[in-house]
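Hi everyone, thanks for coming. Today I'd like to walk you through one structure, piece by piece. Have a look at it first, and then we'll go through it together.

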Amino acid sequence: MRQLLFILLLSLPIFASSAYISAVDLADELSNPNHKIVLLDVTDKDEYNKAHIPNAISTDIKKFRRSVLLYKEIKSPLEIQMLARSYGINNDTKVVIYDHGKKKEILVASYMAMAFITHGVKDIAILDGGFDAWIEENEDLVSSKKPFVKFGDFTAKFDDSVIINQSYIKKRIGKVTMLDSRPPRYYFGSLLSGGVERYGHIPHAISSFWGDKFNSDKYIRETEVLEDMFINANNISIDDEVILYCTGGLETAANWYILYQHLGFKNAKIYDGGMRDWGNTDSTPLVKYRWECP
């Protein structure tokens, strides 16, 4: 009996997660009149105005980031705090973010989730499958009305251990696992990443394309598959430090959110400046394997 129990425990996911919420579960939670949920819709204003989940608030990635030289980085804790309050977020609010399936919107949703998590939002989820999943399950539950939003009282508590800079990367090369979240053609140096002057990737970094973590229908892959992609493929454990980067932060956020929030890697870090910082600095080392993409 003990042996059977041990086998069953081994077969379970390493971390119980609510990082992604289904449309069915979201509808069920919203049906509770006492729910404390703030819905954030990341699509463009025109699409949002056509149809969105009732009481969802339209938001924009530009509100979360500021320009620094050739790259962008997350805004200050005070700015994130004021943004959260403007959306009606309190310290005990559950935040659910969703996209409409347009190009890179899931990356935007992931970055916003990362921004809130690193500033102390405790209960946050991304709608698995986005607005399309909502329509499939709740075809009649849509709105074109802009909701009334009561100002919240959220107090930001920034975790400065998650978001790292170029100098931190230089000290960790070859010492910790680094994952490059870009498509392989950019990692190997067949093509230049947008806004980056030099080819290739940070030495010792491993290619881990963010898009492979989602099915063709844009739902997150099964936990066991994600564990294979992150843990087994890279020979890492849940307590290890893992650094993630991409071109400019958004692709990294998708991988980071899965690794940190879904799989429980609480020592996963984001190089927010990414290759637009690293690849545009002449003194930083890069490795390039030129190849031709089909």
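Let's begin with a term we need straight away: two strands pair if DSSP finds at least two bridges between them. Please also keep in mind that what you see is a predicted model.

Now, with that term in hand, look at strand β2, residues 37-41. β2 runs parallel to β3, and 2 bridges join them. Within this pair, Asp41 sits opposite Ser58 of β3.

Let's zoom out to the sheet around them. In what order do the strands of this open sheet come? There are 5 of them, arranged β1-β7-β6-β2-β3, and their pairing is parallel. At the edges stand β1 (20-21) and β3 (57-58); each has a single partner strand, so one side of each is left without a neighbour in the sheet.

There is another open sheet to find. It has 5 strands in the order β8-β12-β11-β9-β10, with parallel pairing. Here β8 and β10 (206-207) take the edge positions with a single partner strand each, so one side of each has no neighbour in the sheet. The partner of β8 is strand β12, residues 268-271, and the two are parallel, paired over 2 bridges. If you want a residue to click on, try Ile163, which stands opposite Ile270 in β12.

On to the surface, and to charge. Which residues form a positive patch there? They are Lys62, Lys72, Lys103, Lys104, Arg185 and Arg276. Let's pick out Lys72, which belongs to strand β5, residues 71-74. Lys72 counts as partly exposed because its relative accessibility is 43%, and partly exposed covers the range between under 20%, which is buried, and over 50%, which is exposed.

The surface has a patch of negative charge too, where Asp132, Glu136, Glu137 and Asp217 gather. Glu137 is part of helix α6, which spans residues 130-137. With a relative accessible area of 46%, Glu137 is partly exposed.

Finally, follow the chain into the loop between α6 and β8 (163-164), where you will find Asp140. Is Asp140 buried or exposed? It is exposed, because its relative accessible area is 73%, and the cut-off for exposed is over 50%. Asp140 also gives us a distance to try out on screen: from C-alpha to C-alpha, Asp140 and Asp44 are 22 Å apart in space, and in sequence they are 96 residues apart.

That's my tour. Thanks for listening!

Technical notes. Residues are numbered from 1 along each chain as its sequence is written. This is a predicted model: local features need pLDDT of at least 70, side-chain atom pairs count only at pLDDT 80 or more; totals for chains, interfaces and linings use all residues. Side-chain values use heavy atoms; hydrogens and water are left out. Patches are made of residues with over 30% relative accessible area and no salt bridge: like charges are joined within 9 Å, nonpolar side chains (Val, Leu, Ile, Met, Phe, Trp, Tyr) within 5 Å. Accessible areas come from the Shrake-Rupley method with a 1.4 Å probe; for residues, only the protein chains shown count as cover. A salt bridge is a side-chain nitrogen of Lys or Arg within 4 Å of a carboxyl oxygen of Asp or Glu. Lys and Arg count as positive and Asp and Glu as negative; His and the chain ends are not counted. The place of a charge is taken as NZ of Lys, CZ of Arg, CG of Asp or CD of Glu. Helices (H or I, at least four residues) and strands (E, at least two) are DSSP runs, numbered from the N terminus. Buried means under 20% relative accessible area, exposed over 50%, partly exposed in between (1.4 Å probe, protein chains only).
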